[in-house]
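User: Please take a close look at the surface patches here, and at the helices that carry them. Which residues build them, and what lies around them?

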Amino acid sequence: MSEQMNKDAMRTPAPSAKAKNADPTESAVSIPLVNEVQLTAATGGAELSCYRCTIPFGVVVLIAGIVVTAVAYSFNSHGSTISYFGLVLLSAGLVLLASSAVCWKVRLERKKERRRESQTVLVANQRSIFT
């Protein structure tokens, strides 16, 4: 049954009768809706691992920011475009690393909550068996 639902979800919708009778000078753009099955298939299940992706990008951007800022300030170019660019890269790297840390903490909390819920259900089932 779920295979049939997945196949139905992957099909493109048929064009409507209104689109067939439309004026040729007008063009309508239809944006298909994407469900969770399609998203998981497209991303390989990586849609919930944002912190894994942002850590390497954050580190690279942070290192680039450090290098550009060091070069800019070594030439005494305070207030120049390159010094601003270095500071923007530094800030972006720090923001990426902070966001990955926040995502990681949120994911850990959700995992702990799921474990608590499953233990509660197990304990309740165990009590109902013995009474």
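Analyst:
**The positive patch**

Helix H5, residues 81-130, is the top contributor to the positive patch, supplying seven residues. This is a predicted model. The patch sits on the surface and brings together Arg52, Lys105, Arg107, Arg110, Lys111, Lys112, Arg114 and Arg115.

Take Arg114 as one member of the patch. Helix H5 holds this residue. Arg114 has a relative accessible area of 55%, so it is classed as exposed, the cut-off being over 50%.

**The nonpolar patch**

A second surface patch is nonpolar. Its members are Ile55, Val59, Ile63, Val67, Val71, Phe75 and Ile82. Together they offer about 620 Å² of accessible area. Here H4 is the main source, with five residues, the largest share. Helix H4 spans residues 50-74.

Two members can be placed one by one. Ile63 belongs to helix H4. Val67 also lies in helix H4. Val67 reaches 48% relative accessibility, so it is partly exposed; exposed would need over 50%. It still qualifies for the patch on area, because the patch cut-off is over 30%. From Val67 to Leu89 the chain runs 22 residues, and the C-alpha to C-alpha distance is 9.7 Å.

**Where H4 and H5 meet**

Contacts link the two helices at several points. Start with Thr54, which is part of helix H4. Its relative accessibility is 18%, so Thr54 is buried, the cut-off being under 20%. Once neighbours within four places in sequence are set aside, Thr54 contacts Leu96 and Ser100.

Leu87 comes next. This residue sits in helix H5. Its relative accessible area is 36%, so Leu87 is partly exposed, falling between the 20% and 50% limits. Thr69 is 18 residues away from Leu87 along the chain, yet their C-alpha atoms are 6.4 Å apart. Leu87 also touches Thr69. Tyr73 is the other contact of Leu87 when residues up to four places away in sequence are not counted.

Ser83 is a further case in helix H5. At 1% relative accessibility, Ser83 is buried. Its contacts are Ala72, Tyr73, Ser77 and His78, again leaving out residues up to four places away in sequence. Tyr73 therefore appears in the contact lists of both Ser83 and Leu87, where contact means heavy atoms within 4.5 Å.

Set these side by side. Thr54 is buried at 18%, and Ser83 is buried at 1%. Leu87 is partly exposed at 36%. Val67 is partly exposed at 48%.

**The chain as a whole**

Now the wider frame. The protein chain has five helices and zero strands. Along the sequence the pattern reads α-α-α-α-α. The chain has 131 residues, and 13% of them count as buried.

How much of the contact count comes from residues far apart in sequence? Among contacts with a separation of 6 or more, 67% join residues 24 or more positions apart.

The accessible surface of the chain is about 10,900 Å². Carbon and sulfur atoms own 66% of that area.

**In short**

The positive patch draws mostly on H5, with seven residues. The nonpolar patch takes its largest share, five residues, from H4. Arg114 is an exposed residue at 55%. Thr54 contacts Leu96 and Ser100, while Leu87 contacts Thr69 and Tyr73.

Conventions
Residues are numbered from 1 along each chain as its sequence is written. This is a predicted model: local features need pLDDT of at least 70, side-chain atom pairs count only at pLDDT 80 or more; totals for chains, interfaces and linings use all residues. Side-chain values use heavy atoms; hydrogens and water are left out. Patches are made of residues with over 30% relative accessible area and no salt bridge: like charges are joined within 9 Å, nonpolar side chains (Val, Leu, Ile, Met, Phe, Trp, Tyr) within 5 Å. Accessible areas come from the Shrake-Rupley method with a 1.4 Å probe; for residues, only the protein chains shown count as cover. A salt bridge is a side-chain nitrogen of Lys or Arg within 4 Å of a carboxyl oxygen of Asp or Glu. Lys and Arg count as positive and Asp and Glu as negative; His and the chain ends are not counted. The place of a charge is taken as NZ of Lys, CZ of Arg, CG of Asp or CD of Glu. Helices (H or I, at least four residues) and strands (E, at least two) are DSSP runs, numbered from the N terminus. Buried means under 20% relative accessible area, exposed over 50%, partly exposed in between (1.4 Å probe, protein chains only).
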